Amino acid sequence: MFETAGASAPTTVVTGSTGRLGGRVARRLAERGIPQKLLVRSLERAPRLTAAVAVRGAYADQDAVREALAGTRTLFMVSAAESADRLAHHKAFVDAAAEAGVRHLVYVSFYGAAPDATFTLARDHFHTEQHIRASGLAYTFLRDNVYADFVPDLVGEDGAIRGPADNGRASFVAQDDIADAAVAVLSRPDDHPGMTYDLTGPESLTLDDAAAILSEQLGRAVTYRRETVEEAYASRASYGAPSWQLDAWVSTYTAIASGELDGVSDAVPRLTGRPATPLADVMRAAAR
C-alpha cells in the first residue's frame with residue numbers, strides 16, 4: 001500500500017495507472033488530493049502517489065475485482081490490453097463492479113463506437129458500452145479519437161506513414177486532454193450520469209497534414225504513402241500477428257478513409273475549461 005497516514009478510505013478507483021492514460025489520471029487525482037485506489041495486475045508496478053492505495057486485480061478475476069471494489073463510489077475503467085478475448089474480460093469486470101456495489105463507472109471508449117464500425121476494435125467498445133448500460137450502473141462514456149501522442153508511432157524507419165487512409169481525416173486527441181476531461185468527470189460524477197463525450201482535438205487532419213506537422217516538429221522528413229487494403233495486409237503480414245490484430249491495424253486506416261474518425265467536438269473545452277491541444281503542440285511537448 002502507498003497510502004498517507006490518516007487518509008480517508010478511497011471511494012474512487014482508477015484502472016490502468018501503470019499505463020500512459022490511467023497514469024495521467026491517477027497523478028492528476030493525487031495532485032488534487034483525492035484519495036484513490038489503484039487497481040493493478042502487479043502491485044510492484046503501481047505508481048507511488050499521495051493518498052493512493054494499490055490493490056491487485058485483473059479484469060477477468062471477478063473475485064479479486066469484487067473484493068477490490070468494495071466501497072467504491074466512482075470507477076475509472078480503461079480498456080483492457082488488446083486481445084481476442086478483450087470483450088469477455090470487459091464484461092466480466094463490469095459484472096464484478098456491479099456486484100461490488102459500484103455506483104458510477106467512467107469508461108474510456110472510442111470515437112464512433114458502433115456494432116458495424118469500420119475500426120474493428122470500436123465494435124468491442126460498443127458492446128462494452130451496451131453491457132455497462134444493461135448492468136444498472138450509472139455511467140459516463142469518454143469516446144476518444146485516435147491518440148495524438150501515438151501519431152509518431154505510425155512512422156516507419158524510412159520516414160513514411162503507410163496505410164489505406166486515402167484522403168480521410170481524423171481529429172487526433174492529446175492524452176493529456178483526455179486525462180483532464182476524465183478528472184473533471186471523476187471529480188463531479190453526479191454532473192455526468194448517462195453522458196457520452198466525444199473527445200477530439202481542435203482540428204481534423206488528413207495523414208498528409210499529420211506528416212507535414214511531424215516533419216516540422218520532429219525536424220526530419222515525414223511523408224504519407226497511400227496503400228491499398230491488400231497492400232496494407234501484405235506489408236504487415238511479416239509481423240506474424242494474429243488475424244484479429246491485422247484487422248485492427250488495417251482498419252485504423254480504413255476507418256479514417258471512411259470518414260468515421262472525422263469531426264471536431266467541443267467536449268474537451270467544455271469539460272476542461274481550455275481549448276483542446278493541437279497535434280503540433282503535442283509533438284512539440286514530446287520533443288522537449
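A residue is termed buried when its relative accessible area is under 20%, exposed when that area is over 50%, and partly exposed in between. This convention is applied below to a predicted model.

Two residues other than glycine were examined for their backbone angles. Most residues other than glycine have a negative phi. D166 departs from this pattern, with a positive phi near 55°. The residue is found in the loop between β7 (160-163) and α5. The relative accessibility of D166 is 45%, and D166 therefore counts as partly exposed. A51 likewise is not a glycine and has a positive phi, here of about 60°. Its position is in the loop between β2 (36-40) and β3 (52-56). With a relative accessible area of 9%, A51 is buried, because values under 20% fall in that class.

A further loop residue, V155, lies between β6 (138-144) and β7. The relative accessible area of V155 is 14%, so this residue is buried. When residues up to four places away in sequence are not counted, V155 touches A160, I161, L214, R220 and V222. V155 and A211 are separated by 56 residues in sequence, while their C-alpha atoms are 8.7 Å apart in space.

The nonpolar interior was considered next. In soluble globular proteins, nonpolar side chains tend to be buried together. The largest nonpolar core of the model contains 53 residues, of which V25, F76 and L199 touch the most other members. The element that gives the most to this core is helix α5 (residues 175-187), with 8 residues. The surroundings of F76 illustrate how distant parts of the sequence meet: leaving aside neighbours within four places in sequence, F76 is in contact with V13, V14, T15, G22, V25, V106, V108, L142, A182 and L186. A second core, separate from the largest one, has 33 residues, including A117, V151, A174 and L214. L214 is also one of the residues that V155 touches.

Empty space in the model was then examined. The second largest pocket holds about 220 Å³ of space. This pocket is lined by 13 residues, and those closest to its centre are D149, D176, D281, V282 and A285. Helices α5 and α10 (279-286) each supply at least two residues of the lining, and α10 gives the most, with 5 residues. By residue class, the lining of the second largest pocket comprises 7 nonpolar, 1 polar and 5 charged residues. Helix α5 thus appears both in this lining and in the largest nonpolar core.

The count of cavities of 30 Å³ or more comes to 1. The largest cavity has a volume of about 40 Å³. Its lining is formed by F110, Y111, G112, A117, T118, F119, A122, A255, E260 and L261. Of these lining residues, 7 are nonpolar, 2 are polar and 1 is charged. A117, listed in the lining of the largest cavity, is also included in the second core.

Finally, the model was compared with an annotation from a database. An unreviewed UniProt entry lists residues 16-189 under "domain: NAD(P)-binding". Over residues 16-189 of the model, the chain is 36% helix and 18% strand. The C-alpha atoms at the two ends of this segment are 19 Å apart.

Conventions. Residues are numbered from 1 along each chain as its sequence is written. This is a predicted model: local features need pLDDT of at least 70, side-chain atom pairs count only at pLDDT 80 or more; totals for chains, interfaces and linings use all residues. Side-chain values use heavy atoms; hydrogens and water are left out. A nonpolar core is a set of buried Ala, Val, Leu, Ile, Met, Phe, Trp, Tyr and Cys residues joined through side-chain atoms within 4.5 Å. Buried means under 20% relative accessible area, exposed over 50%, partly exposed in between (1.4 Å probe, protein chains only). Helices (H or I, at least four residues) and strands (E, at least two) are DSSP runs, numbered from the N terminus. Contact means heavy atoms within 4.5 Å. On a 1 Å grid over the protein atoms alone, a cavity is a set of points where a 1.4 Å probe fits but cannot get out, and a pocket is an open set with protein on both sides within 12 Å along at least five of seven lines; lining residues have an atom within 4 Å of a point. Grid points are joined across faces, edges and corners, and a volume is the space filled by probe spheres set on the points. Ala, Val, Leu, Ile, Met, Phe, Trp, Tyr, Cys and Pro count as nonpolar, Asp, Glu, Lys and Arg as charged, and the others, Gly among them, as polar. UniProt positions are given in the numbering used here, feature names are shortened, and annotations may be inferred rather than shown by experiment.
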